[in-house]
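Morning, everyone. Please bring up the model on your screens, and I'll walk you through two parts of it.

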Amino acid sequence: MKNHGRLLQGNEAMAQGAIYAGARFYAGYPITPSSEIAQECSRVMPKLGGVYMQMEDEIASMAAIIGASLTGAKSFTATSGPGFSLMQENLGLAIMGEVPCVVMNVQRSGPSTGLATKPAQSDIMQIRWGRHGDQELIALSPSSVAECFSLTVEAFNLAERLRTPVVIAADEIVAHMRENIVIPDAGEIEVIDRAKPTGDPAAYRPFAPAPDGVPPISSYGSEYIMHVSSSMHGPDGYSNNSPENAARQIARKNAKFEHHRAEIVKTKAFEADDADILLVAFGTVTRAARAAAAKLRAEGVKAGVLQLVTVWPFPSEAVAELGGRARTVVVPEMNYHGQIAGEVKKVLGADKDVRRVNGWNGQIITPRDILKAI
């Protein structure tokens, strides 16, 4: 029977994307504007033989999905600003232990409680640098309900493939808008599962990498014994404080992202090849940027859009290539300091004409706002 699609909210699409990717464990604490993800999981997960757990707070939520992942389950949680702040310590544990999991951060206006029901894109630097220590993770930013679904599947694939936490940096607008999407049949989108160890169980070392830099991961309770802790460890997972080991482990944990950069970093370009004015955007502001660029094109101005689908690692190559051709680069984003504009400026250099369009009042940036700034 032909699939005619469903009218879904972005939050519902993220939950459905996780289920499509094989996630069967959700732990979370409801928080606006992500609560519909928990609601959808509470309704669907038990029917699929999965587990839904409402935790006492976001600290416990992050701990729970780490534990579930280490037993072999694909696991995830969802939150917003204050909850994401509480997750940072255990997110650091997941990075140190190279634990596959997904965190959906539906961004809202802050700081603190802020405007709890209003949108923002002000967690971008926290997503990248919120943990202490030398560390790296992946963050994807959807601009539509369809991307809420597809990028969630992609997030799980990257988490499983690279043994890493992945953050979906959504915003309140895309989380609560409704659009018609067609959910693919099973098998239409590739679903990747983590590499498991093979060979002699006695010889297994949970942090001894394969040639691609990613160690295969066993499951708690299997014959392949795995020890995971927050401390610096050697290839066997047990504490090792030698400088040589620390240098080796930190370098490897970070280098695997660079080694797999082509798989991770994704952008979309819209009439950007010949653009005199290049708009660099992410999340739902991409939609306003595309509308503004179309208006400029209609008036004879060569304008285009570079959408940052992957926010971290930062898409330096695409920004350098397309931004280098443009006369002026404009970065619209829903935050005060220009968190992405700073990264764009860093790539393009001090002499490049990089202009910011910022909004921090809990309202979306409109095409008119962008056109006015240009």
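**A helix pair and a sheet**

Helix 3 and helix 4 run roughly parallel to each other, because their angle of about 30° falls under the 35 degrees cut-off. Keep in mind that this is a predicted model.

Let's stay with that pair. Helix 3 covers residues 58-70, and helix 4 covers residues 81-96. Their axes are 7 Å apart. The crossing of helix 3 with helix 4 is right-handed.

Which residues meet? From helix 3 we have Glu58, Ile59, Ser61, Met62, Ala63 and Ile66. On the helix 4 side they meet Gly83, Leu86, Met87, Asn90, Leu91, Leu93 and Ala94. Sort that contact by class, and you get 9 nonpolar, 3 polar and 1 charged residues.

Now the sheet. It is open, with 5 strands in the order 9-11-10-13-14. The pairing is mixed. Strand 9 (267-270) and strand 14 (353-358) are at the edges. Each has a single partner strand, so one side of each has no neighbour in the sheet. On average, neighbouring strands are turned by 20° against each other, direction ignored.

Look at one pairing. Strand 13, residues 328-333, pairs with strand 14 in the parallel sense, over 6 bridges. What is the bridge partner of glutamate 333 in strand 14? Asparagine 358.

Last stop: helix 11, residues 316-325. Helix 11 lies across strand 9, strand 10 (277-281), strand 11 (303-308) and strand 13. Against strand 11, helix 11 runs at about 175°. That is over 145 degrees, so the two count as roughly antiparallel.

How values were computed. Residues numbered from 1 in each chain as written. Predicted model: local features only at pLDDT ≥ 70, side-chain atom pairs only at ≥ 80, totals over all residues. Heavy atoms only, no water. Axes fitted to C-alpha atoms, helices over the stretch in contact; angles between N-to-C directions. Helix = DSSP H or I, 4+ residues; strand = E, 2+ residues; numbered from the N terminus. Parallel < 35°, antiparallel > 145°, perpendicular 65-115°, else oblique. Left-handed = near helix turned anticlockwise from the far one by under 90°. Contact = heavy atoms within 4.5 Å. Nonpolar A, V, L, I, M, F, W, Y, C, P; charged D, E, K, R; others polar. Pairing = 2+ DSSP bridges.
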